[in-house]
Amino acid sequence: MGYPEQYLQFIEKFNDGEYYECHDLLEDIWMEDKSDKFLQGLLQLSVGLYHQEYGNIKGARWMLGNARKYLTRYQPVHWGLDVTRVLRYIDECEKLLPEKDVISYTEAKAMTFPPLRLYVDTSC
């Protein structure tokens, strides 16, 4: 299957930790079909991680929860992506979020989430 170039670029930017850019890449193709909950889930995931980076824990928690809600129906694999693995990652990240709404930028930068590298199986 030929995937949209923005989707493949999203995967690269995600793996580089450039979560703001991830959002921009997928938003354009999601806007063409707002019923696509897979793309919306990936958007929410990247926004949640972006919020965490800057200490907005409440926003991170909200976006990661939405990402889980949207991506769950696409298990185990969709568009060549191991969605089940992504959902496990979301669960792990949520467990590491502090019980606060906001933390300082310094605290946020000191937080470590488990690593996740996304791969697209182009044979799917």
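Where is the place of Gln6? Gln6 sits in helix α1. This model is predicted, and Gln6 is a good residue from which to begin reading it. Its relative accessible area is 26%, so Gln6 counts as partly exposed. Leaving out residues up to four places away in sequence, Gln6 touches Leu25, Leu26 and Ile29. Tyr20 is another point of reference. Gln6 and Tyr20 are 14 residues apart in sequence, and their C-alpha atoms are 14 Å apart in space.

Move one step along to Tyr7. Not counting residues up to four places away in sequence, Tyr7 touches Leu26, Ile29, Phe38, Leu42, His78, Trp79, Leu81 and Val120. Two of these names, Leu26 and Ile29, are also touched by Gln6. Tyr7 belongs to the largest nonpolar core, which holds 38 residues. Within this core, the residues that touch the most other members are Tyr7, Phe14, Phe38, Leu45 and Leu49. Which helices each supply at least two residues of this core? They are α1, α2 (19-32), α3, α4 (57-71) and α5 (83-96).

Trp79, one of the residues that Tyr7 touches, deserves its own stop. Trp79 is placed in the loop between β1 and β2 (81-82). Its phi is positive, about 50°, although Trp79 is not a glycine. Is Trp79 buried or exposed? Its relative accessible area is 18%, and buried means under 20%, so Trp79 is buried. Trp79 and Ser123 are 44 residues apart along the chain. Their C-alpha atoms are separated by 9.8 Å.

Now look at Pro76. Pro76 lies in the loop between α4 and β1 (77-78). What kind of peptide bond joins Gln75 and Pro76? The bond is cis, with omega at about -5°.

Next come the cysteines. How many disulfides does a search of the whole structure find? The search finds 0. Cys22 is in no disulfide, and the nearest cysteine sulfur, that of Cys93, is 14 Å away. Cys93 is likewise in no disulfide, and its nearest cysteine sulfur is that of Cys22, 14 Å away. A disulfide requires the two sulfur atoms to be within 2.5 Å, so a separation of 14 Å rules out a bond between Cys22 and Cys93. Cys22 is buried because its relative accessibility is 0%. Cys93 has a relative accessible area of 0%, so Cys93 is buried too.

The next topic is empty space. Rolling a probe the size of a water molecule over the atoms shows where such space is left. How much space lies in the largest pocket? The figure is about 250 Å³. The lining of this pocket has 18 residues. Those closest to the pocket centre are Tyr19, Glu53, Tyr89, Phe113 and Pro114. Three helices each supply at least two residues of the lining: α1 (5-15), α3 (37-53) and α6 (105-110). The largest share comes from α3, with 3 residues. By type, the lining divides into 10 nonpolar, 4 polar and 4 charged residues. Helices α1 and α3 also appear among the contributors to the largest nonpolar core.

Two loop residues complete the tour. Asn56 is found in the loop between α3 and α4. With a relative accessible area of 29%, Asn56 is partly exposed. Apart from its neighbours within four places in sequence, Asn56 is in contact with His51 and Asp101. Tyr89, one of the residues closest to the pocket centre, is 33 residues from Asn56 in sequence. The C-alpha atoms of Asn56 and Tyr89 are 19 Å apart in space.

Asp33 is the other loop residue. Asp33 lies between α2 and α3, in the loop that separates them. Is Asp33 buried or partly exposed? Asp33 counts as partly exposed because its relative accessibility is 38%. Asp33 and Ala60 are 27 residues apart along the chain. Their C-alpha atoms are separated by 24 Å.

Technical notes
Residues numbered from 1 in each chain as written. Predicted model: local features only at pLDDT ≥ 70, side-chain atom pairs only at ≥ 80, totals over all residues. Heavy atoms only, no water. 1 Å grid on protein atoms, 1.4 Å probe; cavity = no way out; pocket = protein on both sides within 12 Å on 5 of 7 lines; lining within 4 Å. Points joined across faces, edges and corners; volume = space filled by probe spheres on them. Helix = DSSP H or I, 4+ residues; strand = E, 2+ residues; numbered from the N terminus. Nonpolar A, V, L, I, M, F, W, Y, C, P; charged D, E, K, R; others polar. Buried < 20%, exposed > 50% of the residue type's maximum accessible area, 1.4 Å probe, protein only. Core = buried A, V, L, I, M, F, W, Y, C linked by side-chain atoms within 4.5 Å. Contact = heavy atoms within 4.5 Å.
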